Amino acid sequence: MDEKQFLIDKKSDSLNGSNETKHESSRLEWAESSWLRWGHLIYFSWIIPVIKSGYKRTLTIDDLDQLPTDDTALVLMQKFLCYDWKTTRVSIAIIKIFWKELTISGLLLLPYMFGRMAVPRIMRQIVLLITDHQTSSSLRYVYPVIFLLCVIVSPCFLYQSTFRVTRIGLRIRHGLQSLIYMRLLSNKNLSLQQITSARMINLVGTDASQFLDCSTYFHFLWEAPMEFLIGFYLIYSIIGFLPALCGYLLFFCNIGTDNLQSNAKRIS
């Protein structure tokens, strides 16, 4: 297969005037319809048929699945239309609409965070068990098994959380863009003349897309402080308070020094 070819062939039958929909039903929606199909969600096996088709030949638009019902522009716009935008802030409305999805994606980060922080501690225990010949042989097998589980399982939670927050960001962007388009089309010609084309492009292309980045880094607001405190406690329990405090202060000093150097390079 030529690497310079397009991943999706734009000259498909669906773009040449054919109105017949040849898309398969959403495999993602099928996997989410029952808890018995949790394996398809964890390993992303619902996308394997599309990947296999792309490996054999150039993909067309008809090879892609239909969007899940909750991801369609009509459903998203109806969710945003439930609020009075003269009195409701955009951030408050987004939290009310997507609070459940945001909570689930945040909870999925907890096992990843604890697993990542447990790996250095488990490695330390393995080294201590190797040097201590009086410990039982069973413990020497338990800690490596736990170490492998943390290394293998914890990234799965990260991938699921990243997929979910990215999907939330796309939903927010598509819902806001649909709402803006509808508002623009429903306004009178006199009110449209007061809005410049640059402002409309900025609303649709820039402002709405900013929510995709915000949703991606939303959980860092609470994850970073929690990880900071837990990491400080673990280091304190091993080497003591003052060495741990000095290490963290040195870490922040390095961050400040790197920022000053980057700013100096930009100015020069």
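**Exercise 1. Is F147 buried, partly exposed or exposed, and at what relative accessibility?**

Some ground rules come before the solution. This is a predicted model: local features need pLDDT of at least 70, side-chain atom pairs count only at pLDDT 80 or more, and totals for chains, interfaces and linings use all residues. Residues are numbered from 1 along each chain as its sequence is written, and side-chain values use heavy atoms, with hydrogens and water left out.

Solution.
- Step 1: fix the classes. Buried means under 20% relative accessible area, exposed means over 50%, and partly exposed lies in between (1.4 Å probe, protein chains only).
- Step 2: read the value. F147 has 22% relative accessibility, so F147 counts as partly exposed.
- Step 3: place the residue. F147 sits in helix α6, residues 139-186. Helices here are DSSP runs of H or I with at least four residues, strands are runs of E with at least two, and both are numbered from the N terminus.
- Step 4: list the neighbours. Leaving out residues up to four places away in sequence, F147 touches V119, I122, M123 and I126. A contact means heavy atoms within 4.5 Å.
- Step 5: take one C-alpha distance. F147 and G115 are 32 residues apart along the chain, and their C-alpha atoms are separated by 8.9 Å.

**Exercise 2. Describe the fold of the protein chain in terms of its helices and strands.**

Solution.
- Step 1: count the elements. The protein chain has ten helices and two strands.
- Step 2: order them. Along the sequence the pattern is β-α-α-α-β-α-α-α-α-α-α-α.
- Step 3: check burial. Of the 268 residues, 23% count as buried.
- Step 4: check contact range. Among contacts with a separation of 6 or more, 73% come from residues 24 or more positions apart.
- Step 5: check the surface. The protein chain exposes about 19,000 Å², and carbon and sulfur atoms supply 65% of it. These areas come from the Shrake-Rupley method with a 1.4 Å probe; for residues, only the protein chains shown count as cover.

**Exercise 3. Compare the annotated transmembrane regions with the model.**

Solution.
- Step 1: get the spans. An unreviewed UniProt entry places the feature "transmembrane region" at residues 97-114, 141-159 and 228-251. Such annotations may be inferred rather than shown by experiment.
- Step 2: take residues 97-114. This span is 100% helix and 0% strand, with its end C-alpha atoms 29 Å apart.
- Step 3: take residues 228-251. This span is 96% helix and 0% strand, and its end C-alpha atoms lie 12 Å apart.

**Exercise 4. Find the largest nonpolar core and a nonpolar surface patch.**

Solution.
- Step 1: define the core. It is a set of buried Ala, Val, Leu, Ile, Met, Phe, Trp, Tyr and Cys residues joined through side-chain atoms within 4.5 Å.
- Step 2: name members. The largest core has eleven residues, including L76, F80, F98, L102, I168 and A208.
- Step 3: assign elements. Helices α4 (73-80), α5 (90-131) and α6 each give two or more residues to this core.
- Step 4: turn to the surface. V145, L148, L149, V151, I152 and V153 make a nonpolar patch of about 530 Å². Patch residues have over 30% relative accessible area and no salt bridge; nonpolar side chains (Val, Leu, Ile, Met, Phe, Trp, Tyr) are joined within 5 Å, like charges within 9 Å.
- Step 5: inspect one member. V145 lies in helix α6. Its relative accessibility is 47%, so V145 is partly exposed.

**Exercise 5. Trace the salt bridges of R171 and R116.**

Solution.
- Step 1: set the criterion. A salt bridge is a side-chain nitrogen of Lys or Arg within 4 Å of a carboxyl oxygen of Asp or Glu. The whole structure holds seven.
- Step 2: pair R171 with D71. Their closest N and O atoms are 2.5 Å apart. R171 is in helix α6 and D71 is in the loop between β2 (59-60) and α4, 100 residues apart.
- Step 3: check burial. R171 is buried at 7% relative accessibility, and D71 is buried at 13%.
- Step 4: pair R171 with E101. The closest N and O atoms are 3.6 Å apart. E101 lies in helix α5 and R171 in helix α6, so the pair ties together parts 70 residues apart in sequence. E101 is partly exposed at 25%.
- Step 5: join the network. Salt bridges link E32, D71, E101, R167 and R171.
- Step 6: pair R116 with E227. The closest N and O atoms are 2.2 Å apart. R116 lies in helix α5 and E227 in helix α9 (residues 220-239), so this pair ties together parts 111 residues apart in sequence. R116 is partly exposed at 35%, and E227 is partly exposed at 21%.
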